[in-house]
Amino acid sequence: MPTSLVDRGVVYLAYNPGITPQSGGLPGLSVLKSVVNSINLFGIIAVVGALAVSLGVWAWGHHSGGHQAEANGKKGATVSAGAALGLGAANGIVAFFSSLGSQIH
């Protein structure tokens, strides 16, 4: 009995191509890792500066009665803290979801 195009499409979509991450496959992988590590470091340094400025604006706004400056300082401190969390956890987050994704069959 001939199969329809839909049946063949379902079989084709269910095919496992067998692709897995493998280190050492392309030249320059160590250079790329070094570049990404440097970008992460620059990001963390920028977040430290942003946090310091935000905390200064928050304190200045609080002591001078500038409610808008105080609110902006709080917002900047919260965003800076979130960015620091994201930068520090980036490798773990990617590893977690990559591991989770590899369990899907």
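## Burial and overall fold

Of the 105 residues in the chain, 10% are buried. The model described here is predicted, and the values below are computed from it.

The chain contains three helices and zero strands. Read from the N terminus on, the order of its elements is α-α-α. Two of these elements recur in this report: helix 2, which spans residues 29-64, and helix 3, which spans residues 67-102.

## The salt bridge in helix 3

One salt bridge is found when the whole structure is searched. Its partners are Lys-74 and Glu-70, whose closest N and O atoms are 3.9 Å apart. A salt bridge requires a side-chain nitrogen of Lys or Arg within 4 Å of a carboxyl oxygen of Asp or Glu, and the 3.9 Å separation of Lys-74 and Glu-70 falls within that limit. In general, side chains of opposite charge can pair when their charged atoms come close.

Both residues belong to helix 3, where four residues, about one turn of the helix, separate Lys-74 from Glu-70. The two partners are classed differently by accessibility: Lys-74 has a relative accessible area of 37% and is therefore partly exposed, whereas Glu-70 has a value of 15% and is therefore buried.

## Surroundings of Glu-70

Which residues does Glu-70 contact, leaving aside its neighbours within four places in sequence? They are Trp-58, Gly-61 and His-62. Glu-70 itself lies in helix 3, while the span of helix 2, residues 29-64, takes in the positions of these contacts.

## Ser-54 in helix 2

Ser-54 is located in helix 2. With a relative accessible area of 11%, Ser-54 counts as buried because the limit for that class is under 20%.

A polar atom of the Ser-54 side chain lies 2.9 Å from the backbone oxygen of Ala-50. When residues up to four places away in sequence are not counted, Ser-54 touches Gly-73, Gly-76, Ala-77 and Ser-80. The positions of these four residues fall in the span of helix 3, residues 67-102.

## Gly-86 and Ile-44

Gly-86 also has its place in helix 3. Is this residue buried or partly exposed? Its relative accessible area is 32%, so Gly-86 is partly exposed.

Gly-86 and Ile-44 are 42 residues apart along the chain. The distance between their C-alpha atoms is 9.8 Å.

## The largest pocket

The largest pocket holds about 320 Å³ of space. One part of its lining is formed by Asn-16, Pro-17, Gly-18, Ile-19, Thr-20 and Pro-21, and the lining also includes Ser-98, Gly-101, Ser-102, Ile-104 and His-105.

How many residues of the lining are nonpolar, polar and charged? The lining of the largest pocket has four nonpolar residues, seven polar residues and no charged residues.

Methods
Residues are numbered from 1 along each chain as its sequence is written. This is a predicted model: local features need pLDDT of at least 70, side-chain atom pairs count only at pLDDT 80 or more; totals for chains, interfaces and linings use all residues. Side-chain values use heavy atoms; hydrogens and water are left out. On a 1 Å grid over the protein atoms alone, a cavity is a set of points where a 1.4 Å probe fits but cannot get out, and a pocket is an open set with protein on both sides within 12 Å along at least five of seven lines; lining residues have an atom within 4 Å of a point. Grid points are joined across faces, edges and corners, and a volume is the space filled by probe spheres set on the points. Ala, Val, Leu, Ile, Met, Phe, Trp, Tyr, Cys and Pro count as nonpolar, Asp, Glu, Lys and Arg as charged, and the others, Gly among them, as polar. Helices (H or I, at least four residues) and strands (E, at least two) are DSSP runs, numbered from the N terminus. Buried means under 20% relative accessible area, exposed over 50%, partly exposed in between (1.4 Å probe, protein chains only). A polar contact is a pair of N or O atoms within 3.5 Å; within protein, one must be able to donate a hydrogen and the other to accept it, and residues adjacent in sequence count only if both atoms are side-chain atoms. Contact means heavy atoms within 4.5 Å.
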